[in-house]
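Here's a model to pick apart, one label at a time. Have a look at it, then follow the reasoning behind each term.

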Amino acid sequence: MGTTKRSVDELLAEAREELDRLEPLDAAAAQVQGALLVDIRYAALRERDGTIPGALIVERNELEWRLDPQCDHRLPEATHHDLRVVVVCNEGYASSFAAVSLRQLGLERATDLIGGFQAWRAAGLPVR
């Protein structure tokens, strides 16, 4: 019994169907309203390009453990399943998959930033 082979583009399109993705200005407004911006980029990119002030830094390989409100290894900010989480990667691809993974954990309001950190910076939003 074989499995249907799909491309990463197909999987990405499916993932994004679940998300109410945010443009940079909308993500900034969501952060002001209490959403957690979670930067999953690896250290070299953060060192090269900077970070979003107030964003939580969580390496992609730790994301689910750090944001699951039921996990002993969660961050202090991961207090309940109704959190608004906006995942940020470099260009807005890996963040879509990550946001879907958080939704599978019960964080139904998880989404991602269209265009990632690069779009945030290009929009002239704060970077440190």
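**Why the labels fit**

Gln-33 sits in the loop that runs between helix 2 (24-32) and strand 1. Keep in mind that this is a predicted model.

Q: Why is Gln-33 called exposed?
A: Its relative accessibility is 70%. Exposed means over 50%, so Gln-33 makes the cut.

Q: How far apart are Gln-33 and Arg-84 in sequence and in space?
A: They're 51 residues apart in sequence, and 9.5 Å apart in space, going C-alpha to C-alpha.

Q: What makes strand 1 and strand 3 a pair?
A: Pairing takes at least two bridges. Strand 1 and strand 3 have four bridges, in the parallel sense, so they count as paired. Leu-36, for one, stands opposite Val-85 in strand 3.

Q: How do you know that strand 1 and strand 2 pair too?
A: Strand 1 (residues 36-39) and strand 2 share two bridges, again in the parallel sense. The requirement is at least two, so the label holds. Here Asp-39 stands opposite Ile-57 in strand 2.

Q: And what makes strand 3 and strand 4 a pair?
A: Two bridges, parallel once more, and the cut-off is at least two, so they pair. Across this pairing, Val-86 stands opposite Thr-111 in strand 4.

Q: What is the strand order in the sheet?
A: The order is 2-1-3-4, in an open sheet of four strands with parallel pairing.

Q: Why are strand 2 and strand 4 called edge strands?
A: Strand 2 (56-57) and strand 4 (111-112) each pair on one side only.

Q: Which helix packs on the sheet, and what does it touch?
A: That's helix 5 (residues 94-104), which touches strand 3 (85-88) and strand 4. The direction of helix 5 makes about 150 degrees with that of strand 3.

Q: Which way do the valines of strand 3 point, and are they buried or exposed?
A: Val-85 and Val-87 point one way, while Val-86 and Val-88 point the other way. All are buried, and that word stands for under 20% relative accessible area.

Q: Why is Val-8 called exposed?
A: Val-8, which lies in helix 1 (residues 8-17), has 54% relative accessibility. The threshold is over 50%, so Val-8 qualifies as exposed.

Q: Which residues form a nonpolar patch with Val-8?
A: Leu-11 and Phe-97 join Val-8 there, on the surface, and together the patch has about 240 Å² of accessible area.

Technical notes:
Residues numbered from 1 in each chain as written. Predicted model: local features only at pLDDT ≥ 70, side-chain atom pairs only at ≥ 80, totals over all residues. Heavy atoms only, no water. Contact = heavy atoms within 4.5 Å. Axes fitted to C-alpha atoms, helices over the stretch in contact; angles between N-to-C directions. Patch = residues over 30% accessible without salt bridge, like charges linked within 9 Å, V, L, I, M, F, W, Y side chains within 5 Å. Areas by Shrake-Rupley, 256 points an atom, 1.4 Å probe, with all protein chains shown as cover. Salt bridge = Lys/Arg side-chain N within 4 Å of Asp/Glu carboxyl O. Buried < 20%, exposed > 50% of the residue type's maximum accessible area, 1.4 Å probe, protein only.
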